[in-house]
2 protein chains.
Amino acid sequence: MLFSTLLPLSLLVTRAAALWPRPRSSSTGSSFIKLGDSFKVVVARCELAKELERALENAPILSRLSLSLNSTVVGTLADEVANLYTLDESYSLSVPAATDLTSPTASAHLTARTLVGLLRGLETFTQLVYFLPAADETVNGSRYIASVPLRIEDGPAFPYRGFMLDTARNWYPVEDILRTLDTMASTKLSTFHWHITDQQSFPLEIPTFPDLATYGAYSADQVYSTVDVTKVVEYGRGLGIAVMLEVDMPGHTASIANAYPEHIACLDARPWSTYAAEPPAGQLRLGRPDTLAFSKRVLQNAAKLSSSAFFSSGGDEMNERCYLDDPETKTALEARNATVDELLGEFVRGLHDTLLVSDKTPVVWEELVLKHDLGLANETVVMVWIDSANVRAVADKGHRVIHAASDYFYLDCGAGAWLGRYPNGTSWCDPFKIWSKSYSFNPLFNLTREQHKLVLGGEALLWSEQAGPENLDSIAWPRAAAAAEVFWTGGSVKEGERSVGEALPRLHDWRYRAVQRGVKAIPLQPHWCALRPGQCDVEL
Amino acid sequence: MLFSTLLPLSLLVTRAAALWPRPRSSSTGSSFIKLGDSFKVVVARCELAKELERALENAPILSRLSLSLNSTVVGTLADEVANLYTLDESYSLSVPAATDLTSPTASAHLTARTLVGLLRGLETFTQLVYFLPAADETVNGSRYIASVPLRIEDGPAFPYRGFMLDTARNWYPVEDILRTLDTMASTKLSTFHWHITDQQSFPLEIPTFPDLATYGAYSADQVYSTVDVTKVVEYGRGLGIAVMLEVDMPGHTASIANAYPEHIACLDARPWSTYAAEPPAGQLRLGRPDTLAFSKRVLQNAAKLSSSAFFSSGGDEMNERCYLDDPETKTALEARNATVDELLGEFVRGLHDTLLVSDKTPVVWEELVLKHDLGLANETVVMVWIDSANVRAVADKGHRVIHAASDYFYLDCGAGAWLGRYPNGTSWCDPFKIWSKSYSFNPLFNLTREQHKLVLGGEALLWSEQAGPENLDSIAWPRAAAAAEVFWTGGSVKEGERSVGEALPRLHDWRYRAVQRGVKAIPLQPHWCALRPGQCDVEL
């Protein structure tokens, strides 16, 4: 593994501390230090060693970095990740002046109040190090830190900083997910939102209901066993990343019918466009006590598997016609003289009761508070996906918000229609969201000062109609890194707190590092431009 | 290497001979045959063996396929590839009925008039074979051919079927190019159009002028040596693919100034948008005998390296202002009382004289016949890129045409603007060209019957402002395969000769095979749809 960026010396000089995401504050000098061959990381409290083993393995073995935890209580990473959205992720990092390195015990210092804070700081330290080949090719090059003395005070603007992956429309091997977690960690993202099931397939092994995956997955090889999910959860934990599962309900559940057809209304009804946003149609039946009990047990089991304090019960794109044309649901509606929304409210509140008992805060897609009036508890967290303009309405209802808007953060937009027999079909959420579009997002836009505290953060999302392991890296990175900085660094491009012109050279650096680590992050410009910051800017 | 597609049995039955591109004609039966473990390919004339060694290595070692060449003269692949655009690439393939396989010498038969024809037929044979796992997992599965007896008569509608790669804006390792040639062969493409140099870098080693690459490449590691180019040419030859180099002139040459600044006008002039379509500005000087002599020698050297009968001298996006503001060119224009077009004509005709002496037919981008009146010889082949509507004007001037239109075949369109400081920038050639858009192209559209013979074929193109080895496969495939069928199979979607609905299930098959071979071709739909042809079609 490489832990430094190989760049020409000229760039090293002009790009002092090209960190991504940008720290809250930093001060730099103008000297260089060279990291000695015997560089080591020194842990100030030995009980940290085990917990940080993985991160330390990844850390550069160069000169000397002292880690210390400014806290009377040392928790476990498991505790911290379970409480990530109220955790102090901040850290301080200092690299001494070159002149202060004469003492053999001279050290860089990293301090934080939590283990996750130390992990965030270690990532920053890693990004400070650049490799330069020796002029004589037969000699090894060296690793350097520029702009010392250097002092960084850093912490996130928002606690929820996510990446969502849909593993149901097309399936991804676990190794691709682990690599994605590594890449997420390199941008200080905090949450892997795993949209693990959908109408096309149900790849999640649910212990009490093994038939769901046995019959609902694309194949026996395309299942996430509980061992797999645990592996992902534990790998994420080592990186300070919480895994938030989503089992989308009551829509997007046709795949459940492969094992339990009795729970699904309007299964594969035609034309599909009357009954669902995409084929195949099918939704969990409402007003059916068996189905609610089943759904609650599915969530209860899935909640046990995930490490985030949040759990998403989904709730997007419910189709009313599906229920009105389903004889069984129709009977229930008539027998109780109820509306679809009344039965939907009963269903969703039932699911959320189960989540709360499982110590999970329920997360839903925006329709469940904006389109339907279900009387969901105020604690329910709402993901806004249809349009970023809808955030205000959610906040006005008093719900906490996670930004996931298609107009800024959908990685799949702009690739054309995926439906068949549609030669000129365009993407519903055209155009393609370029990195700078995501980057220009203001997380607090259009909210009152009072509402600012309702913003938990945001995420970049990859829906997989036209994605799979083949383009996971290339469609996600470096664009998802742009979203990561929006929610770590905060601030507004309009107010000049962030700038796409300032950010691009740093993002190039981040991308070269990612490629060196084996991530197929795409070039945003010709290499010529990356070598010459600003010279490929548009002239408007 | 795998040479068969693994699919559920239900699909094997419904998808008789899911070949890509579709053969000119085929007849199929309804039986299956199983290919024996000792299947072998039998070569009817032993002198074929060496030439086809590579293709045979790739062929399934299953039952027995007899290859024969219906020609009195057996040429070499080198000869054939050098004459690819007038070569007979047709072949006949028959697979006997299951009932005729009782004899131990029963054989499938592949006949062609050329070695390249045999290669095309072998690819077809490979696509006939499907692998089915055994019901008992401890036993090996078997390979099958469906729909026997089967007889295919096939040959291309157009001789030039290409894929263009720009390796100058971002660089690609040779291994990526070789893999791309394999993928091209699997769609029966005939020409690798290697846009090898541009204004950002000059990675091509030119023997007489080594400084061009030494100073013009991004780095010493990002050079295509003559050994590298020869490797690509020979690898392509083994697949029946010609390599057509393009050294774009006189525009797109700023990178030459790194070694030979005296030949470049308006080098890096600002603002770049006044002097070039993208940064950095710089064009080969016109009206300067030294520069013409230098450019001719560069082309002469490059022409020796390539295997195609064609060679492209480029010629797109010449900027007139660059010359008018360049003191040296201005002096030449005034001294000779000439227009820029007059000097441009002298320059381009000079280059083409050199190419003709090198036995290469010159290829140019459309501006050199539509925008400038240079008196180019009728033999000059013209690539239409700006708009497919311009093909008619080129044909009206009597030039042969290669379709390369941005509105159908540009793989890079739709990914947003790549210039810096441009948050809402869209791609100039929006939207993204989905596979079915390319597929719906009619190569003979808007031409008179008399002009049909001027159409040599077409190509899919990848410009690399936002592409590199990281997304080469995923941005190119399977979309470039759609273009491949347009020019192999010919015909029109409008006239019902081809259909996007019929094509999609076959293209899914092609893509699953490509993925099995290690090509990161992206899914066009959820796997659910690929398993159920037609069920994800749009309902308009």
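## Salt bridges between the chains

Across the interface of chain B and chain A, the rule picks out 4 salt bridges. One pairs B:Glu470 with A:Arg511, whose closest N and O atoms sit 3.0 Å apart. Keep in mind that this is a predicted model.

Polar contacts turn up here too: 31 residue pairs between chain B and chain A, both partners at pLDDT 80 or more. On the side of chain B that touches chain A, the elements giving two or more residues are helices H9 (272-275), H17 (435-439), H20 (500-516) and H21 (527-530) of chain B. H20(B) gives the largest share, with 6 residues. Sort the residues on that side of chain B by type and you get 29 nonpolar, 21 polar and 12 charged.

## How much gets covered

Each chain puts 62 residues into the contact. About 5,000 Å² is buried between chain B and chain A, and carbon and sulfur atoms give 59% of that. B:Arg421, B:Glu470 and B:Trp528 together supply 14% of the area chain B buries against chain A, more than any other three residues.

## Rings that pair up

Over all chains, the count comes to 48 aromatic pairs. Take A:Tyr85 and A:Tyr160: their ring centres are 5.7 Å apart and their planes meet at 40°, so the pair is tilted. A:Tyr85 sits in the loop between helix H4 (77-82) and strand E5 (91-95) of chain A, while A:Tyr160 is in strand E9 (residues 160-166) of chain A, so the pair ties together parts 75 residues apart in sequence. Both A:Tyr85 and A:Tyr160 are buried.

A:Phe441 and A:Phe487 are buried as well. Ring pairs join these two with A:Phe158, A:Tyr408 and A:Phe409 in a cluster.

How values were computed. Residues are numbered from 1 along each chain as its sequence is written. Chains are lettered from A and ligands numbered from 1 in the order in which they are written. This is a predicted model: local features need pLDDT of at least 70, side-chain atom pairs count only at pLDDT 80 or more; totals for chains, interfaces and linings use all residues. Side-chain values use heavy atoms; hydrogens and water are left out. Contact means heavy atoms within 4.5 Å. Buried area is the accessible area (1.4 Å probe) that two parts lose on being put together, summed over both. A salt bridge is a side-chain nitrogen of Lys or Arg within 4 Å of a carboxyl oxygen of Asp or Glu. A polar contact is a pair of N or O atoms within 3.5 Å; within protein, one must be able to donate a hydrogen and the other to accept it, and residues adjacent in sequence count only if both atoms are side-chain atoms. Helices (H or I, at least four residues) and strands (E, at least two) are DSSP runs, numbered from the N terminus. Ala, Val, Leu, Ile, Met, Phe, Trp, Tyr, Cys and Pro count as nonpolar, Asp, Glu, Lys and Arg as charged, and the others, Gly among them, as polar. Rings of Phe, Tyr and Trp (its six-membered ring) pair if their centres lie within 6.5 Å; planes under 30 degrees apart count as stacked, over 60 as edge-to-face and the rest as tilted. Buried means under 20% relative accessible area, exposed over 50%, partly exposed in between (1.4 Å probe, protein chains only).
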